[in-house]
Amino acid sequence: MTSDQRVDVRKTYKLFIGGAFPRSESGRSYPVTGAEGGFLANAARASRKDVRDAVVAARKAFPGWSARTPYNRGQILYRIAEMLEGRRAQFVAELRDAGLGKGAAGAEVDAAVDRWVWYAGWADKLAAVAGNANPVAGPFFTFSTPEPTGVVGSVAPDGPLLDLVSALAPVIVSGNTAVVVASEPAPLPAITFAEVLATSDLPGGVVNLLTGRRAELAPWLAGHMDVNALDLTGVAETDVKPLAEAAAGNLKRVFRDPVRADAEDPGTARMQAFLEIKTVWHPVGV
Amino acid sequence: MDLFAYAPAPESRDVVDIRPSYGLFVDGAFTDGGGEPFKTVEPATGEALAEVASADAADVDRAVAAARRAYETVWGPMSGRDRAKYLFRIARILQERSRELAVLESIDNGKPIRESRDVDLPLVAAHFFYHAGWADKLGHAGFGADPRPLGVAAQVIPWNFPLLMLAWKIAPALACGNTVVLKPAETTPLTALAFADVCRQADLPPGVVNIITGAGETGRLLVAHDGVDKVAFTGSTDVGREIARTVAGTRRRLTLELGGKAANIVFDDAPLDQAVEGVVNGIFFNQGHVCCAGSRLLVQETVADEFLERLKARMATLRVGDPLDKNTDVGAINSAAQLARIADLAEAGEREGAERWSPPCDLPGRGYWFAPTLFTGVAQSHRIAREEIFGPVLSALTFRTPQEAVEKANNTPYGLSAGVWSEKGSRTLWVAERLRAGVVWANTFNKFDPAAPFGGYKESGHGREGGRHGLEAYLDI
Amino acid sequence: MSTETVPPGRGAAGLRAFLHGLPGVDRVGADERAARLATRSIKTTAKAQAIDLAIAMVDLTTLEGADTPGKVRALCAKAARPDPEDRSVPPVAAVCVYSDLVGVAVEALDGTGIGVASVATAFPSGRAPLAAKLADVRAAVAAGAAEIDMVIDRGAFLAGDYATVDAEIRAVREACGDAHLKVILETGELVTYDNVRRASWLAMDAGADFIKTSTGKVSPAATLPVTLVMLEAVRDYRAATGRTVGVKPAGGIRTTKDALKYLVLVNETAGPDWLTPDLFRLGASSLLNDLLMQRRKLTTGVYSGPDHFTLD
């Protein structure tokens, strides 16, 4: 070792809960390896108690986030795109570590940025597209509007960045808050992405990211009675049944649909899956 | 002083012809069932009305196969325009036979004829009219240019609005191009079987609508059947949970419309007389056998005493008795089992320290009855403030600020409906925005329309019924 | 002017604050409640009883520019014995005429026990100086009217000048002496149910013995929901003050079916205490013959026809 070679400062990859970056309460971690099998870093291995804490943080953030104006949520989502774009080189490097080729890594970051931009524009259009006045047969004004369903638990697919973004953006754009179990094999970009979220004016707790073993964490998320909906997109088909059964405990909305990673228009199904329609009636008279 | 006692004004039973026994309606024909037949009882008398077939596994197979065949050969390929015409026909026949069906509903269910005649039946026909119009316009509903049906829908409905719940299920399913196997509740199968006859009068192709009767086991067989593409259930949250577990991990789509414990929030600037009326209608409509019933009254402390006094005075004018009497406001409890559950919860309310009050009323000597009941001094922690009673029992609580009202209203695992009474528009909208409930009635309650989506948040269910949103449940999107 | 003006019972601002502090009325809810009560089915014995009660509550009315002593005498004869072929038919409550014909009516009804009601205060518009209105009242009372049906100044009411309306009612009240005072709100011109409730309280507070919906000269005249709101007002007023005020829907009530709906409304809103001609009246002209016709159907079992009842 020569003295003129600088010793680099490495990042400790932690969880992202309530806007802070805590270690797992369990004190556990697991080694993450690159495409060549070499050691990249230790990622936090979240426990059921981290799931619990993340749900509490998400629930606490829900009233404030859902009450923001859609315009404001849209601005914050666009800010996320800006922050991501600004860190393009860092993400390309991390994605290359995770095994993507140079071109693929660049394309993945670009697509992730573009996806945030796409969803940012949806925030103040969703109610117009998913809601309407109801022409009822009586002296009443009645309208139906979409509202966020609440706390959404997501088990993200394996992809390191675009999959995560594709699962997350449609959840929070409408005012839901999220607890996301990141890609198990490639969790590091997710935590770096949390740094983007933390610097984008997104209120703490709106997104909570956990790294660790899906098989360990997903059942706690599925069974949690204060989680309103479950996105099982990152769960293998053979593993869905027990999780969906656990989700029946409080009748969570369960959604599972492959992320349309390459599509220019990802469609509205993922947003609509985490909406409730509220119908309000009021008499009309003098 | 009884200057003006109303003489009995019974609706004639002669307009209905109840047969001694009924079979299953499968593939366009009435057939025997393989299970042990059961009796449906008239709640107002406790006496058996008819014997009804019970579908076993083989019958369920047969019904699903008939629906599949009809889906693949007739209903699926049929143009939306022609499906619409069948649904319009059904709507017209329902209007033509509305008197008969209303009387039959009141006999089998126990609900007042005033409600079956003025609420249930008009809405039943309206649902078919409304959805008939969608059948050839689905491409304009916001679900893509050419949304496809799901296939065969398994539908299980409750006993509180037997024919109306049938309409909520069958009309959108058929409009979207699905075929159905529907199981009515075992205590109220008769109007569903009469509807089978309506389908025959409309020359609906065999197998498009199949009605199978039976108890819980028949329902379990149906929702678990591999041959169905869609499960739709209205009923209790416990059964809904069981069904959600059953379909977990399968390709079957699921919509659920379950229980509720709705808050009816009365502010001190409410139009008080209409609020009293709305609270009464909210809980005593259909004997309180309503999933969206306003079973928790939340009244602002500044008007609580005055409001409760007015409420009691109004409750004293409710006429409880013969469901077929046109002047009856509150009819019979649907079954002995439901009566026992209501009585049990009411006793729990007393034990837990709430004050129980009912107006003086003479209940008939036979059949199943429960006097309209008001509990005051109820705390959030009491069972009667948390559990769905599904009967004519109102729990009154108080609040001090709008924040507290919303907090208490939302403090339940349910989220089906809520009411808010105030003359101040901005506050009404503020409250409506914060209530975690699928339907919010402001200065009104228990209003239904085929054009307005209905359904719950949280443990009150998945999906919506009615309106443009309701179509989603029966389309492959 | 000075002697004719009674100072308001409370300050104008206080009166306004009180009236605007009354609970609002939701029109759709009130309409719905009235419509639901209208579906009550009144059969057999209850119907027979209700028809006789309705007859006894009728203020048999003629209020035409073409009225003559002859017309009024004919009406009085009808009032005393509505069905000449059936003596069991009760007489009506009162005969209602313009003030200049009170004397004719009083003479025609002498000994029958039927009172004469007179419209007054520049009926139907109410647009005259207070002195003229009070002179009208005094003339009617002097001629023997037992009841005065005054109209309120709707212009003043709609302008928010409640103190003027209040003062005028109080002045008329005083001019009535022993005669009963019915205060006509002319709800068709007040338009909103909130106004109907406020005007009801204003009239009751100023001393009305009855509150009455309409002159019959403005459409809509009496409606079920307006009467519902007024019945709620008298109910609440009694609860608040202990004083019982009567209600009189007038105009547009033409059939037995209509009349029975009003009785149901009284029974289930204000309560059975109000089911007496002392506290509930029906202002009508053609209604009486329909009541008689339906009554005869109940007694004979066959449908009757208009030729079997007198046109007066």
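Visitor: What is the area buried between chain C and chain A?

Guide: Welcome! This is a predicted model, where local features need pLDDT of at least 70, side-chain atom pairs count only at pLDDT 80 or more, and totals for chains, interfaces and linings use all residues. Residues are numbered from 1 along each chain as its sequence is written, chains are lettered from A in the order in which they are written, and side-chain values use heavy atoms, with hydrogens and water left out. Buried area is the accessible area (1.4 Å probe) that two parts lose on being put together, summed over both. Carbon and sulfur atoms give 72% of the area between chain C and chain A, and the total is about 450 Å².

Visitor: Which three residues of chain C supply more of that area than any other three?

Guide: Contact means heavy atoms within 4.5 Å, and 5 residues of chain C are in contact with 6 residues of chain A. On the chain C side, 73% of the area buried against chain A is supplied by Asp26(C), Arg27(C) and Val28(C).

Visitor: How many salt bridges are there between chain C and chain A?

Guide: A salt bridge is a side-chain nitrogen of Lys or Arg within 4 Å of a carboxyl oxygen of Asp or Glu. For chain C and chain A, the count is 0.

Visitor: And how many salt bridges does the rule find across the interface of chain A and chain B?

Guide: Here 36 residues of chain A are in contact with 39 residues of chain B, and the buried area is about 2900 Å². One of the salt bridges joins the side chains of Glu147(A) and Arg436(B), at 4.0 Å from N to O. Across this interface, the number of salt bridges is 2.

Visitor: Which element of chain A gives the largest share of the side that touches chain B?

Guide: Helices (H or I, at least four residues) and strands (E, at least two) are DSSP runs, numbered from the N terminus. Helix 5 (126-130), strand 4 (140-148), helix 9 (237-247) and strand 10 (275-283) of chain A each supply at least two residues of that side. The largest share, 8 residues, comes from strand 10.

Visitor: Which residue of chain B does Val280(A) stand opposite?

Guide: Two strands pair if DSSP finds at least two bridges between them. Strand 10 of chain A pairs with strand 17 (residues 439-442) of chain B in the parallel sense, over 3 bridges. In strand 17 of chain B, the residue opposite Val280(A) is Val440(B).
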